[in-house]
Amino acid sequence: MIEQLKQAKNWEDRYRLIIQAGKNLSRPSDDELAQMQPITGCEAQMWFQIMPKNDLTFQFNGFSEARIMNGLLWILFNQINGKTADELNTFDITVFFSELGISQRLSETRLNGLNQIGQQLKNLCI
């Protein structure tokens with residue numbers, strides 16, 4: 001998916017890929033949503049969950065009411081799931097989405113939601 005996004009000829013092709021990726025995130029139950037943290041400042045409602053694992057890595061879960069945000073979350077989770085706190089501390093979410101040619105086309109409020117997730121990743125090392 002990462003290579004497909006990098007090789008997409010234009011924004012419309014990237015957008016289609018992102019929307020398709022979002023179909024991999026199913027809507028959580030109300031109980032599952034209640035266990036997730038709401039992300040404020042994003043255009044659409046979004047939730048995020050950090051799940052520490054016994055091997056000192058992390059798994060992530062999330063959901064948004066916006067299809068494009070679900071696609072971005074799915075792409076992000078594929079990049080960060082199974083990483084340690086140190087690995088996550090060096091991960092720059094802004095650079096990641098910029099290199100994919102995505103962040104330049106997102107509204108400030110959508111970027112704000114992703115940046116809040118990025119800050120939570122950095123806080124895992126504190």
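This section describes the annotated span, the nonpolar core, helix H2 and the aromatic pairs of a predicted model.

According to an unreviewed UniProt entry, residues 2–123 carry the annotation "domain: Fe-S metabolism associated". In the predicted model, the C-alpha atoms at the two ends of this span lie 25 Å apart, and the span is 55% helix and 16% strand.

The largest nonpolar core comprises 36 residues, of which Leu72, Phe97 and Ile102 touch the most other members. Two or more residues are contributed to this core by each of helix H2 (11–22), strand S2 (46–52), strand S3 (57–64), helix H4 (67–80), helix H5 (85–90), helix H6 (93–99) and helix H7 (108–123). The greatest contribution comes from H4, which supplies eight residues. Such an arrangement can be set beside a general tendency: in soluble globular proteins, nonpolar side chains tend to be buried together. When residues up to four places away in sequence are left out of the count, Ile102 is in contact with Leu5, Trp11, Arg14, Ile18, Leu72 and Phe97.

Helix H2 has 12 residues and spans 16 Å from its first C-alpha to its last, which is close to the 16 Å expected at 1.5 Å a residue. The N-terminal end of H2 is capped by Asn10, a side-chain oxygen of which lies 3.2 Å from the backbone nitrogen of Glu12. The buried residues of this helix are Trp11, Arg14, Leu17, Ile18, Ile19, Ala21 and Gly22, and the buried residues of H2 pack against helix H1 (2–7) and H4.

Seven aromatic pairs are present in the structure. In the pair formed by Trp11 and Tyr15, the ring centres are 6.1 Å apart and the planes lie at 55°, so the pair is classed as tilted. Because Trp11 and Tyr15 are four residues apart in helix H2, about one helical turn separates them. An α-helix has 3.6 residues a turn, so residues three or four places apart point the same way. The two residues nevertheless fall into separate accessibility classes: Trp11 counts as buried at 14% relative accessibility, whereas Tyr15, at 36%, counts as partly exposed. For Phe58 and Phe60, the ring centres are 6.4 Å apart and the planes lie at 25°, so this pair is stacked, the angle being under the limit of 30 degrees. Both Phe58 and Phe60 are buried, and together with Phe48 and Phe77 they form one aromatic cluster.

Definitions and conventions: Residues are numbered from 1 along each chain as its sequence is written. This is a predicted model: local features need pLDDT of at least 70, side-chain atom pairs count only at pLDDT 80 or more; totals for chains, interfaces and linings use all residues. Side-chain values use heavy atoms; hydrogens and water are left out. UniProt positions are given in the numbering used here, feature names are shortened, and annotations may be inferred rather than shown by experiment. A nonpolar core is a set of buried Ala, Val, Leu, Ile, Met, Phe, Trp, Tyr and Cys residues joined through side-chain atoms within 4.5 Å. Buried means under 20% relative accessible area, exposed over 50%, partly exposed in between (1.4 Å probe, protein chains only). Contact means heavy atoms within 4.5 Å. Rings of Phe, Tyr and Trp (its six-membered ring) pair if their centres lie within 6.5 Å; planes under 30 degrees apart count as stacked, over 60 as edge-to-face and the rest as tilted. The expected span of a helix is 1.5 Å times one less than its number of residues. A polar contact is a pair of N or O atoms within 3.5 Å; within protein, one must be able to donate a hydrogen and the other to accept it, and residues adjacent in sequence count only if both atoms are side-chain atoms.
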